[in-house]
Amino acid sequence: MTERDGSASGLPKGVLQLEHQVAGHTAAQGCLGLLKPASADGTILKPTGKVECGVREIAFYERLDVERNCLCDKSICALWATLCQVVPRYYGHPKLPIDGREVEFIQLEDLTDGLVWPCVMDVKIGRRTWDPLATLEKRKAEESKYQACRQRFGLCLPGFQVYHVQAGGKLVRHGKDYGKKLTEANIHEAFLLFLNATENGRVSRGLLEQFLDDLRRIRDWAQKQTTFRLYSSSVLLVYDAARLDTSATEGLQRKSLNNANAKARMIDFAHAFTTTELAEAATVDDNYLEGVESLVAIFEQFLTAEKAF
């Protein structure tokens, strides 16, 4: 991606547009989008957006950061320890001048840092994506999106990018229009595309196992936690397609899976509420759990379908 200076883009010197954003409010849609320091320090900058959403998301990360720093305390809850493993590291909320106004950002770990061919998929979790403060109009708008996948699986795919190994690293990107057309009948094809499956549908077993290590942690956390209600939150899937090699007849093979950097991380907490503030019983968040369990089940199906190797 070509660096743009502040006079050309409205961005201050020292920051760039993040080229690997696949969903949310992107620069291609005329929004500010995700940024990154030009110094390539391994972080990204996420605009906080609406004030109340920014306050809520910062509060989530800061509470998690406090718990992360207390992990040396043996009395720390195992659920907090698990959550720290599957959420990107948080580095504060700096403010930058953008087009003559001060904009607050959330600075987070860049999950694509160091990847040569970063494949990225945003999986939005939950049959219900609107939060308790949403207006009637907002609720109706959210309920109309991605209906087939959300009602069947409790998740949807607003966007992803994949570098096709068998096409020499050709980049393919799909956005929300593609995701809205997915149904129970073809959503598996979207995941196979993202996973660089061969023409006969074979997927790297090592890649699946790496993802499942993280996805099962997220599922186990969701099965037990009773603190949060997560609305419109996502699981971000990331791996480096450059670590996958091809063979003329056997399709994708493992190259160096210990270095594939495949990971699944929980992101987007602008609509994270606690059961305490909602005055709700401290029970499991079934809306979130359903989506995560579906995601785990899809990857486990690939693993046991005799097409993984």
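These legends describe close-up views of a predicted model of one protein chain.

**Figure 1. Overview of the chain.** The protein chain contains 9 helices and 14 strands. Of its 309 residues, 51% are buried. Among contacts with a separation of 6 or more, 71% are between residues 24 or more positions apart. The views that follow show several of the helices and three single residues.

**Figure 2. Helix 2 and its buried residues.** Helix 2 has 19 residues. From its first C-alpha to its last, helix 2 reaches 27 Å, close to the 27 Å expected at 1.5 Å a residue. The buried residues in helix 2 are Cys53, Gly54, Arg56, Glu57, Ile58, Phe60, Tyr61, Leu64, Glu67 and Arg68. These buried residues pack against one helix, helix 3, and against strand 3 (43-47), strand 5 (101-109), strand 9, strand 13 and strand 14.

**Figure 3. Helix 3 and what covers it.** Helix 3 spans residues 78-85, and its buried residues are Trp80, Thr82, Leu83 and Cys84. Helix 2 (51-69) and helix 8 are among the elements that cover these buried residues. The cover also includes strand 9 (228-230) and strand 13 (263-267).

**Figure 4. Helix 3 against helix 8.** Helix 3 and helix 8 have axes 10 Å apart and pack at an angle of about 145 degrees. Their crossing is left-handed. On the helix 3 side, the contact is made by Leu79, Thr82, Leu83 and Gln85. On the helix 8 side, the residues are Arg217, Trp221 and Lys224. By class, the residues of this contact are 3 nonpolar, 2 polar and 2 charged. Thr82 and Leu83 are also listed among the buried residues of helix 3.

**Figure 5. Helix 8 along its length.** Helix 8 covers residues 205-224, 20 residues in total. The distance from its first C-alpha to its last is 28 Å, close to the 28 Å expected at 1.5 Å a residue. In the first part of the list of its buried residues are Gly206, Leu207, Leu208, Gln210, Phe211 and Leu212. The list continues with Asp214, Leu215, Ile218, Arg219, Trp221 and Ala222.

**Figure 6. Helix 8 packed on helix 9.** The axes of helix 8 and helix 9 are 9 Å apart, and the two helices pack at an angle of about 155 degrees. Helix 8 and helix 9 are therefore roughly antiparallel to each other. The crossing of this pair is left-handed. Helix 8 contributes Arg205, Leu208, Glu209, Phe211, Leu212, Leu215, Arg216, Ile218, Arg219, Trp221, Ala222 and Gln223 to the contact. Helix 9 contributes Tyr288, Leu289, Val292, Glu293, Leu295, Val296, Phe299, Glu300, Phe302 and Leu303. The residues of the contact of helix 8 with helix 9 comprise 15 nonpolar, 1 polar and 6 charged.

**Figure 7. Helix 7 across helix 9.** Helix 7 (residues 187-194) and helix 9 (residues 286-304) have axes that come within 11 Å and cross at roughly 70 degrees. Helix 7 is therefore roughly perpendicular to helix 9. The crossing of helix 7 and helix 9 is right-handed. From helix 7, His188, Phe191 and Leu192 meet Leu295, Ile298, Phe299, Gln301 and Phe302 of helix 9. The residues of this contact are 6 nonpolar and 2 polar, with no charged. Leu295, Phe299 and Phe302 of helix 9 are also among the residues in contact with helix 8.

**Figure 8. Ala297 in helix 9.** Ala297 lies in helix 9. Because its relative accessibility is 29%, Ala297 counts as partly exposed. The C-alpha atom of Ala297 is separated by 9.9 Å from that of Leu215, a residue 82 residues away along the chain. Leu215 is one of the buried residues of helix 8.

**Figure 9. Two loop residues with positive phi.** Most residues other than glycine have a negative phi. Tyr146, in the loop between helix 4 (136-143) and helix 5 (147-153), has a positive phi near 50 degrees. Tyr146 counts as buried because its relative accessibility is 9%. Ala279 also has a positive phi, near 55 degrees. The loop that holds Ala279 runs between strand 14 (272-274) and helix 9. With a relative accessible area of 71%, Ala279 is exposed.

Terms used: Residues numbered from 1 in each chain as written. Predicted model: local features only at pLDDT ≥ 70, side-chain atom pairs only at ≥ 80, totals over all residues. Heavy atoms only, no water. Helix = DSSP H or I, 4+ residues; strand = E, 2+ residues; numbered from the N terminus. Expected span 1.5 Å × (residues − 1). Buried < 20%, exposed > 50% of the residue type's maximum accessible area, 1.4 Å probe, protein only. Axes fitted to C-alpha atoms, helices over the stretch in contact; angles between N-to-C directions. Parallel < 35°, antiparallel > 145°, perpendicular 65-115°, else oblique. Left-handed = near helix turned anticlockwise from the far one by under 90°. Contact = heavy atoms within 4.5 Å. Nonpolar A, V, L, I, M, F, W, Y, C, P; charged D, E, K, R; others polar.
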